[in-house]
Amino acid sequence: MKIVKAKELKKKPDFNNLVFGHTFTDHMLIMDFENGAWGEPQIVPYQDFVCPPAMLCLHYGQAIFEGCKAYRNAKGEVSLFRTRDNLVRMNKSAERMCMAQFDVDVVFDALKALIDLDREWIPNLPGTSLYLRPTMIASESVVGLRVSSKYRFFVIMSPVGLYHKPVGGLVKIYAEEGLVRAAIGGTGEAKCAGNYGGAFYANAKVKGLGFDDVLWLDAKEHKYIEEVGSMNIMFVIDGTVVTPKLNGSILRGITRDSVLKVLAKHGYQTEERQISIDEVMEAARSGRLTEIFGCGTAAVISPVGTIGYKNEKIVVNNDKVGQISQFILDRVTGIQTLKYADEFNWVTKF
Ligand SMILES: *Cc1c(COP(=O)(O)O)cnc(C)c1O
């Protein structure tokens, strides 16, 4: 692996007031695919790319990404949470988008070297972390509707605080009836760029209604709950934690999987099944729905206080963080920051 260090280090932002995704560390990782093979990973100073206007990803969206985090606790220990799983999922996204497969071990080692070099950028206040953004783009210069023969893989890193910073209460989500995020057979399971650009319109619509995020429904019947923009969703109904079953259009969240495993281990009832918006609204009306929370790497555990659908708006648990949401937030972040034992073998320390 080649390493070119930055001549001058940047001034770090105030870790008490981090805005998500606005500042980047001193270095980045780059690896290029050409003539059927990946070159060596390189760590270089954070810098702009020069790219041809005909670069394929700009025209046809052959682009994928991941989101993972490095944590630093009060003792100064640095940890990664299930990051290999992110890289394995990225290869699955690459397969769906006809992009080149990479060697997970080579990239994981290079990523660790990058984090180690910029470790002073990992904030250690509660709720903060270093967000890693592995990305792969089709980099061939050709305007032709076909798969690229060249790719650039890169990782940039940004110190972050909370993703959802709702003002005046917990997160508010609105179930969108007409617009859809992903259909079965489509690209919903891949973290590909187009899924997110395509969601902006619905997002703007629900923001206009006074909500923070879209609760997506299935593309066929517009009836079954899928997930939220960047997080999977869980409902506590009659004390059981219910989340939509993976169906091919829902993103396979690593946090979702972690939450289900931790809850089961601690004696909570969990269910992965089809769940309709009508069932959720009815349970909310009758008081059987006691908590809602989203889960994802960026969002961590985001308790939801308001759910809207059609002309109805229901406040859940008096807009307060519920007992199970609090438990799972403490447990998952506690494993990530080495407060609790790594009983599932999810953490890489360094
Ligand atoms: C990334 C993402 C999630 C969360 O996945 P994690 O692996 O937990 O970070 C959920 N939904 C969508 C649409 C996502 O892009």
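**A chat about a predicted model**

Tutor: In this predicted model, valine 300 is found in strand 17, which covers residues 300-309.

Student: Is valine 300 buried or exposed?

Tutor: Valine 300 counts as buried, at 16% relative accessibility. The cut-off for buried is under 20%.

Student: What is phi of valine 300?

Tutor: Phi of valine 300 is near 55°, a positive value in a residue other than glycine. Most residues other than glycine have a negative phi.

Student: OK, what about histidine 222, what's phi there?

Tutor: Phi of histidine 222 is near 55°, also positive, and histidine 222 is not a glycine. Histidine 222 sits in the loop between strand 11 (213-217) and strand 12. With a relative accessible area of 27%, histidine 222 is partly exposed.

Student: Switching to the ligand. Which residues come nearest to it?

Tutor: There are 15 residues around the ligand, and Lys191, Tyr196, Glu227, Thr255 and Thr297 come nearest.

Student: How do the shell residues divide into nonpolar, polar and charged?

Tutor: Four are nonpolar, seven are polar and four are charged.

Student: Which polar side-chain atom lies 2.6 Å from an oxygen atom of the ligand?

Tutor: That atom belongs to threonine 255. The protein covers 96% of the 380 Å² of accessible area that the ligand has on its own. In isoleucine 254 a polar backbone atom is 2.7 Å from an oxygen atom of the ligand. For arginine 89, an N or O atom in the side chain is 2.8 Å from a ligand oxygen.

Student: Back to glutamate 227. Where is it found?

Tutor: Glutamate 227 is in strand 12, residues 225-228. Glutamate 227 is buried, with a relative accessible area of 3%.

Student: What does the side chain of glutamate 227 join in a polar contact?

Tutor: The side chain of arginine 181, in a polar contact of 3.1 Å. Leaving out residues up to four places away in sequence, glutamate 227 touches several others, including Val214, Trp216, Asn232 and Ser249.

Student: Arginine 181, then. What separates its C-alpha atom from that of glycine 198?

Tutor: The two C-alpha atoms are separated by 7.2 Å, while the residues are 17 apart along the chain. Glycine 198 lies in the loop between helix 4 (193-197) and helix 5 (200-208). Glycine 198 counts as exposed, at 52% relative accessibility.

Student: And arginine 256, where is its place?

Tutor: In helix 6, residues 254-265. Arginine 256 is buried, with a relative accessible area of 3%. A polar contact of 2.8 Å joins its side chain to that of glutamate 272. Apart from neighbours within four places in sequence, the contacts of arginine 256 include Asn232, Met234, Thr243 and Cys295.

Student: Cysteines next. How many disulfides does the structure hold?

Tutor: Zero.

Student: Why is there no bond between cysteine 98 and the closest cysteine sulfur?

Tutor: The closest cysteine sulfur is in cysteine 192, and at 12 Å from the sulfur of cysteine 98 it is too far for a bond. A disulfide needs the two sulfur atoms within 2.5 Å. Cysteine 98 counts as partly exposed, at 46% relative accessibility.

Student: How far away is the nearest cysteine sulfur for cysteine 295?

Tutor: It is 16 Å away, in cysteine 68, and cysteine 295 is in no disulfide. Cysteine 295 is buried, with a relative accessible area of 1%.

Note on methods
Residues are numbered from 1 along each chain as its sequence is written. This is a predicted model: local features need pLDDT of at least 70, side-chain atom pairs count only at pLDDT 80 or more; totals for chains, interfaces and linings use all residues. Side-chain values use heavy atoms; hydrogens and water are left out. A residue is near a molecule or strand if one of its heavy atoms lies within 4 Å of it. A polar contact is a pair of N or O atoms within 3.5 Å; within protein, one must be able to donate a hydrogen and the other to accept it, and residues adjacent in sequence count only if both atoms are side-chain atoms. Accessible areas come from the Shrake-Rupley method with a 1.4 Å probe; for residues, only the protein chains shown count as cover. Ala, Val, Leu, Ile, Met, Phe, Trp, Tyr, Cys and Pro count as nonpolar, Asp, Glu, Lys and Arg as charged, and the others, Gly among them, as polar. Buried means under 20% relative accessible area, exposed over 50%, partly exposed in between (1.4 Å probe, protein chains only). Helices (H or I, at least four residues) and strands (E, at least two) are DSSP runs, numbered from the N terminus. Contact means heavy atoms within 4.5 Å.
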